[in-house]
Amino acid sequence: MTGLYIHVPLCEKRCRYCDFYKLTPDEIDSMDLYLQCLEIELRRLPSDFAPDTVFIGGGTPTALTPDEYRKMLESIERRINLSQVIEFTSEANPGTLTPEKLQVMRDGGVNRISIGVQSFNDRALQLLGRIHDAETAITGYHMLREAGFDNVNVDLIQSIPGMKPDDVLSDAETAAGLQPDHISYYNLIYEPGTPLTKARDQGLVVPPGDDEEADNYYRVKMFLEEAGYLHYEISNFSKDQKACRHNVLYWQGGEYFGCGPSSHSHWRGKRFGNIADLKGYNERMLKDRKPFDDVEYLSKEEKARETLVMWLRMTDGFDLDEFEKTSGFSAYDLCGDGIESMIEENLLQRSGNRLRLTPDALFISNAVFAELL
Ligand code: SF4
């Protein structure tokens, strides 16, 4: 499986926690120019690249006007054979949806929407600097269903400062009550330099402690599982086999191209990231230059280590023989005594030939992965 990611570097406003590359409308001279340059980049993709999944993210793809969105989809369709694409996702911000825009998306082949709700708690949404409130998020979700989308993910953020444990559970209850096909439940990350991180460092915002965060995580996990969601990846839950195939492709070490500023690619053992600068990206595209500077070549061993921790993100873990066949390395040789000692510490679990994180290790997976590497 291979995937295509498109980065739309536009947001109506900057959320206080976000460090993704994006510009606000007053900072962009011409969206049309970006769309032309995106088309150039798409045309330059290798002729044997035929993705199984497409994911339009950002930024906020739905901050584009219907006409701009249509142009982007037409450029994608000129380069990609959409009849071979099994999943075509677009991210959506509830504050930017209109029936007209959703119709353009449906007509252009988008068959999955990931809606960035983040919380149904208005105070939390304000703290995050979102452009929408809870009511708009719920209206936006129904708009997606009315437009005919039958594969919808709701993004939630856990451990937002100020939310009590019952507020956290209430978010999960409201999300599950809407019956989306998929729920992503990510931890709030304090990225360096964001306004939220500065507010935390000044003591203006107080995050919940680790124990409270862990309790929230396991409480929500249990609730969503009881509500019929399969917990298939550390932060992701799905119903009816609707795991996000594009993200599963990343987690399984698949190859992909990213187009647009700040997007990343991994193709034939090489990795490269486009520059995070719209003007520079446009100039390079118009002058037929590469949109990235450095190419990283991972050694086979580095790639194997990375594959090992990515595969462990999936809650059913991986088959040790399959890992060896795919990576060329035995997991036990790669990690020395690490695996055995983690099994003793109840962080890893081996059943037959499968190795997975224990439920206790899910919340501290980053520490486990750091140890294994
Ligand atoms: S809408 Fe999304 S990409 Fe844009 S600033 Fe907010 S979190 Fe970041």
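**Exercises: two domains and a ligand shell**

Between domain 1 and domain 2, the count comes to 1 salt bridge. Keep in mind that this is a predicted model.

**Exercise 1.** Find which residues form the salt bridge, and check the pair against the cut-off.

*Solution.* Start with the partners: R313 pairs with E233. Next, place them: domain 1 covers 2-250 and domain 2 covers 300-372, so E233 sits in domain 1 and R313 in domain 2. Now the distance: the closest N and O atoms of R313 and E233 are 2.5 Å apart, and the cut-off is 4 Å.

**Exercise 2.** Describe the contact between the two domains.

*Solution.* First, the spacing: the C-alpha centres of domain 1 and domain 2 are 29 Å apart. Then count who takes part: 15 residues from domain 1 and 12 residues from domain 2. On to the area: about 1,000 Å² is buried between the domains, with carbon and sulfur atoms giving 65% of it. Last, look at the domain 1 side, where Y218, E233 and I234 lose the most area to domain 2, together 48% of what that side buries. E233 turns up again here, having already appeared as the salt-bridge partner of R313.

**Exercise 3.** Work out how the residues around the ligand divide into nonpolar, polar and charged.

*Solution.* List the shell: C11, K13, R14, C15, Y17, C18, K22, G59, T60, N93 and R130. Pick out the charged ones, K13, R14, K22 and R130, and the nonpolar ones, C11, C15, Y17 and C18. That leaves G59, T60 and N93 as polar. The tally is 4 nonpolar, 3 polar and 4 charged.

Note on methods. Residues are numbered from 1 along each chain as its sequence is written. This is a predicted model: local features need pLDDT of at least 70, side-chain atom pairs count only at pLDDT 80 or more; totals for chains, interfaces and linings use all residues. Side-chain values use heavy atoms; hydrogens and water are left out. A residue is near a molecule or strand if one of its heavy atoms lies within 4 Å of it. Contact means heavy atoms within 4.5 Å. Buried area is the accessible area (1.4 Å probe) that two parts lose on being put together, summed over both. A salt bridge is a side-chain nitrogen of Lys or Arg within 4 Å of a carboxyl oxygen of Asp or Glu.
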